[in-house]
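User: I would like to go through the fold of this protein step by step. Please answer each question with the reasoning first and the value or name last.

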Amino acid sequence: MILVFGGAYQGKKKFVLRSFGLKENDIEYVGDCNWTPGEKKAISGMENFVKSCAAEGVSTVGKLEEMKENLRDKIIIITDISQGIVPMDSADRLWREENGRAMAFLAQEADEVYRLFCGIESRIK
């Protein structure tokens, strides 16, 4: 598994397309807590999956643990929403916490981890 994370609009998808020789149709976009990995090489929008699970009261890490084997050969793109002001809304705070836990789990499981900032990638694992 390869994890690519960074803030919104930092060039994560462009980095994945360029660095791993993928095309737009190689990317699967997720959003629903009932999602399961398909056949595409890359997965984008994982933060939306986390938000959906948090809203339903489902442990995101638990769901990711269940699908861990199906994620082994994937490139996962997730937006880091932990920067900035802590949200006042309790649902948004829960989403932020769950997203952090999901990122930590995915980073631990990943063979490679890249952070994108201002369009510049840094390999951190």
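User: At what angle do helix α2 and helix α5 pack?

Analyst: The model is a predicted one. In it, helix α2 covers residues 46–56 and helix α5 covers residues 90–109. Their axes lie 9 Å apart, and the angle at which they pack is about 125°.

User: Is α2 parallel, antiparallel, perpendicular or oblique to α5?

Analyst: The two helices pack at about 125°. Roughly perpendicular ends at 115 degrees and roughly antiparallel begins over 145, so the angle falls in the remaining class. The crossing of α2 and α5 is also right-handed. The term for α2 relative to α5 is therefore oblique.

User: Which strands are the edge strands of the sheet?

Analyst: The sheet is open, has six strands with mixed pairing, and follows the order β2-β3-β4-β1-β5-β6. An edge strand here pairs on one side only. The edge strands are β2 (27–29) and β6.

User: By how much are neighbouring strands of this sheet turned against each other on average?

Analyst: The strands concerned are those of the open sheet with the order β2-β3-β4-β1-β5-β6. With direction ignored, the average turn between neighbours is 25°.

User: In which sense do β1 and β5 pair, parallel or antiparallel?

Analyst: Strand β1 takes in residues 2–6 and is joined to β5 by five bridges. Ile2 has Glu112 as its bridge partner in β5, and Val4 has Tyr114. Residue numbers rise along each chain as its sequence is written, and the pairing of β1 with β5 is parallel.

User: How do β5 and β6 run relative to each other, parallel or antiparallel?

Analyst: Four bridges join β5, residues 112–117, to β6, residues 120–123. Arg115 stands opposite Ser122, while Leu116 stands opposite Glu121. The two strands run antiparallel.

User: Which residue takes a positive phi in the hairpin of β5 and β6?

Analyst: This hairpin has two residues between its strands. The positive phi is near 55°, and the residue that takes it is Cys118.

User: Which element gives the most to the lining of the largest pocket?

Analyst: The largest pocket holds about 260 Å³ of space. Of its 13 lining residues, the closest to the centre are Tyr9, Lys12, Lys13, Ser44 and Thr79. Both α1 (12–20) and β4 (75–79) supply at least two residues of the lining. The largest contribution, three residues, comes from β4.

User: How many residues of that lining are charged?

Analyst: The lining of the largest pocket includes five nonpolar and five polar residues. The number of charged residues is three.

Methods
Residues are numbered from 1 along each chain as its sequence is written. This is a predicted model: local features need pLDDT of at least 70, side-chain atom pairs count only at pLDDT 80 or more; totals for chains, interfaces and linings use all residues. Side-chain values use heavy atoms; hydrogens and water are left out. On a 1 Å grid over the protein atoms alone, a cavity is a set of points where a 1.4 Å probe fits but cannot get out, and a pocket is an open set with protein on both sides within 12 Å along at least five of seven lines; lining residues have an atom within 4 Å of a point. Grid points are joined across faces, edges and corners, and a volume is the space filled by probe spheres set on the points. Ala, Val, Leu, Ile, Met, Phe, Trp, Tyr, Cys and Pro count as nonpolar, Asp, Glu, Lys and Arg as charged, and the others, Gly among them, as polar. Two strands pair if DSSP finds at least two bridges between them. Axes are lines fitted to C-alpha atoms, for helices over the stretch in contact, and angles run from 0 to 180 degrees between N-to-C directions. Angles under 35 degrees count as roughly parallel, over 145 as roughly antiparallel, 65 to 115 as roughly perpendicular and the rest as oblique. A crossing is left-handed if the near helix is turned anticlockwise from the far one by less than a right angle, and right-handed if clockwise.
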